[in-house]
Amino acid sequence: TMKRLFSTSHSSVDSKEMRKFQLLAHKWWDEEGEYSALHSMNDIRVPFIRDTLLNMSSNYHLGTPLSGVKILDVGCGGGLLSEPLGRLGASVTGIDPLEDNIRTADQHKSFDPVLAKRIQYKSSSLEEIVEECMETFDVIVASEVVEHVADLEMFIKCCSQVLKPEGSLFITTINKTQLSYVLGIVVAEKMIGIVPEGTHEWEKFVPPEELEHILESNGFTVKSVNGMLYNPLSGSWSWMESTSVNYAMHAVKSGARGQSSPGDAPSETEGEQPSATAGTTM
């Protein structure tokens, strides 16, 4: 079986995955369509990112709490996560190897003059921006991405290279369990169709223990791992203790003591659970 295409030193982009998403590039902003579950995931992933960063920071900007924070949204798709982060005041760079996705994202942000200033999109793989963006970003977000890359080790290494010392990496993905196969592929794709059939390959799902090991071997410290549950009846996400299906992980890149990024000053005491406001709709 071809577990990871292009698992060489030159690219983490999987050409087969690209073809799947190209067919859906124009449907990103249909909240009732193929990406409805990603739209509703914002209800918990955006507050999780926001509150984690605020807990680590001594600065607070009323109304735009992430002002001054430079975020890289890797595999940004049509901008579903980039836009709410931009509304929180962050300066967001969204990259995606698929040009059709970037066109959709650019078009959608153009409707909001504020977002048009705060967000820039680029059709690029992560590897392609490493040289020009060494230690550039305070935060990297890779949401529902790592289960689609060809070379996970290389992907994480590149994340480390473009992240500032003591910067934060947020990942949401799917565990590799029997339950995730049943719920994530059989039920979600084949039975009720909330995800387009063929979107996921169980072989590429990533157990949190494996992801944590790769992160730690590339200079990260994992601060929290939280289970996520999607209810297809209500179309909503919630936090749960079990990571047996979906999970969110927050890791911090190691850095020299006392060295911090301009926007945030990380503390040594990071909570293990999402904040009480993690279910708040943005």
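**Exercise 1. Which handedness does the β-α-β unit made by strand 1, helix 3 and strand 2 have?**

Start by finding the pieces in this predicted model. Helix 3 covers residues 82–87, and strand 2 covers residues 91–96. Next, look at how the two strands run: strand 1 and strand 2 are parallel, joined by five bridges. For a landmark, pick Lys 70, whose bridge partner in strand 2 is Ser 91. Put strand 1, helix 3 and strand 2 together and you get a right-handed unit.

**Exercise 2. Work out what lies on the other side of strand 2, and say whether strand 2 is mostly covered.**

Step one: strand 2 also pairs with strand 3, again in the parallel sense and over five bridges. Step two: check who faces whom. Val 92 sits opposite Ile 119 of strand 3, and Ile 95 sits opposite Lys 122 of that strand. Step three: look for a helix. Helix 4, residues 99–109, packs on the sheet and touches both strand 2 and strand 3. The direction of helix 4 makes about 160° with that of strand 3. Step four: count the buried residues. Five of the six residues in strand 2 are buried, so the strand is mostly covered.

**Exercise 3. Put the strands of the sheet in order and name the edge strands.**

Walk across the sheet and you'll read 3-2-1-4-5-8-6-7. That's an open sheet of eight strands with mixed pairing. The ends are strand 3 (119–123) and strand 7 (236–240), each of which pairs on one side only. On average, neighbouring strands are turned by 20° against each other, ignoring direction.

**Exercise 4. Find the strands that helix 7 touches, then decide whether Ser 160 is buried or exposed.**

First, place the helix: helix 7 spans residues 152–162 and packs on the sheet. Its contacts are strand 1 (70–74), strand 4 (137–143), strand 5 (163–174), strand 6 (220–231) and strand 8 (246–253). The direction of helix 7 makes about 145° with that of strand 5.

Now zoom in on Ser 160, which belongs to helix 7. Leaving out residues up to four places away in sequence, Ser 160 touches Asn 218, Phe 220 and Lys 253. With Asn 218 there's a polar detail too: its backbone oxygen is 3.4 Å from a polar atom of the Ser 160 side chain. Last, the verdict: Ser 160 has a relative accessible area of 13%. The cut-off for buried is under 20%, so Ser 160 counts as buried.

Technical notes:
Residues numbered from 1 in each chain as written. Predicted model: local features only at pLDDT ≥ 70, side-chain atom pairs only at ≥ 80, totals over all residues. Heavy atoms only, no water. Pairing = 2+ DSSP bridges. Helix = DSSP H or I, 4+ residues; strand = E, 2+ residues; numbered from the N terminus. Axes fitted to C-alpha atoms, helices over the stretch in contact; angles between N-to-C directions. Contact = heavy atoms within 4.5 Å. Buried < 20%, exposed > 50% of the residue type's maximum accessible area, 1.4 Å probe, protein only. Right-handed = clockwise from strand over helix to strand, strands pointing away. Polar contact = N/O pair within 3.5 Å; in protein donor to acceptor, adjacent residues only side chain to side chain.
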